[in-house]
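These are my notebook entries on one protein structure. I record what I looked up, entry by entry.

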Amino acid sequence: MYDVFDKHKVDIDRDSIWDVQGTPVVKHKDVERLGAAIGIKWTKPDILRAERDEAVILVMGEANGKTEWSIGEALISLDGKPGGNYKVKGKMAAYPYAMAEKRAKDRVILKLADLHGDAYSSEEADDFNQDHDDDKRSNNRRDDRQDDRRAANDDKPPAREASVSKEDGQAIVQHWVKQIDEMTRTKQAMDIAASKDFIADMKKLSSNGEEYVMGKLSDKSQALKRAAHAG
């Protein structure tokens, strides 16, 4: 998935994609940005069903000589009541037509990006939009890790000591700095930061050693993002 976003030069944060039962789910806004980058031309949608609490819309889009269509469905389900596929809680306003359009367009975008069936939009189902704190915690070593370090204050805990010898610590730093220097795509930074070996090695280093490596990773990732945007 990251390769597809890189291909179309669309920057995406690691916490914009999470896992639901083995299938990646992408935030709606990032799917829309991907669709804009692909340059999709939309035809006028067909409204197949128009009720007060339900909308079913057929949407068709074309890009690069390829045409795809899909149907978006939204049936309001009031909080605490069974049925429906669009949950409305409390006094939350309901927009079934807008939701049906989002779902249909997101499906078409993923089809045109050759991701349909391999990924879903966060608007595809209410369960996909649930709070995914566990996934965010598993992705806590994102490119913007340095932003968290800036929150240091007078209550900052004592610096962590390295659990390996000075020589071994230097070898660990040199190994990962070399891996980082050889990166050519932003996805590689995400893969490195999430890898078990990297996380385990960072725990062996002192606080300063980990900060140095993470700084290198963040700087290289930002440089690759700027280069991608510059084309």
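**Entry 1: a term fixed beforehand.** I call a residue buried when its relative accessible area is under 20%, and exposed when that area is over 50%. I note also that the model is a predicted one.

**Entry 2: the aromatic pair.** I looked for paired aromatic rings and found one such pair in the structure. Its members are Trp176 and Phe198; their ring centres lie 5.1 Å apart and their planes stand at 90°, so I recorded the pair as edge-to-face. I then asked where the two residues sit in the chain. Trp176 belongs to helix α6 (residues 166-181) and Phe198 to helix α8, so the pair ties together parts that are 22 residues apart in sequence.

I next looked up the accessibility of both partners. Phe198 has a relative accessible area of 0%, and therefore counts as buried. Trp176 has a relative accessibility of 7%, so Trp176 is buried as well.

**Entry 3: the two sides of helix α8.** Which residues of α8 are buried? In this helix, which spans residues 196-204, I found Phe198, Asp201 and Met202 to be buried. These residues cover an arc of only 100° around the axis, and they therefore lie on the same side of α8. I then turned to the other side of α8, where Lys196 and Lys203 are exposed.

**Entry 4: lysines over tryptophan rings.** I checked for charges placed over ring faces. Lys105 lies over the face of Trp42, at 5.0 Å from the ring centre. Lys111 is placed over the face of Trp69, with 5.6 Å to the ring centre.

**Entry 5: an open sheet.** I traced an open sheet of three strands in the order β1-β2-β8, and its pairing is mixed. Strands β1 (17-20) and β8 (120-121) are at the edges with a single partner strand each, so one side of each has no neighbour in the sheet. I looked up how β1 meets strand β2 (residues 23-26): the two run antiparallel and are joined by four bridges. Within this pairing, I noted Val25 in β2 as the bridge partner of Trp18.

**Entry 6: a hairpin.** How many residues join β4 to β5 in the hairpin? I found that three residues make the connection. Strand β4 (residues 46-50) and strand β5 (residues 54-63) run antiparallel, and four bridges join them. I recorded that Asp46 stands opposite Leu58 in β5.

**Entry 7: Ser77.** I located Ser77 in strand β6, which covers residues 66-78. Is Ser77 buried or exposed? Its relative accessible area is 6%, so I entered Ser77 as buried. I also listed its contacts, leaving aside neighbours within four places in sequence. Ser77 is in contact with Pro82, Gly83, Gly84, Tyr86, Lys87 and Val88.

**Entry 8: the protein as a whole.** I closed with the totals. The protein has nine helices and eight strands. Of its 231 residues, 39% are buried. For contacts between residues at least 6 apart in sequence, I noted that 59% join residues at least 24 apart. The accessible surface comes to about 13700 Å², and carbon and sulfur atoms account for 47% of it.

Technical notes: Residues numbered from 1 in each chain as written. Predicted model: local features only at pLDDT ≥ 70, side-chain atom pairs only at ≥ 80, totals over all residues. Heavy atoms only, no water. Buried < 20%, exposed > 50% of the residue type's maximum accessible area, 1.4 Å probe, protein only. Contact = heavy atoms within 4.5 Å. Arc of directions from axis to C-beta. Phe/Tyr/Trp six-rings, centres within 6.5 Å; stacked < 30°, edge-to-face > 60°. Lys NZ or Arg CZ within 6 Å of the ring centre and 35° of its normal. Pairing = 2+ DSSP bridges. Areas by Shrake-Rupley, 256 points an atom, 1.4 Å probe, with all protein chains shown as cover.
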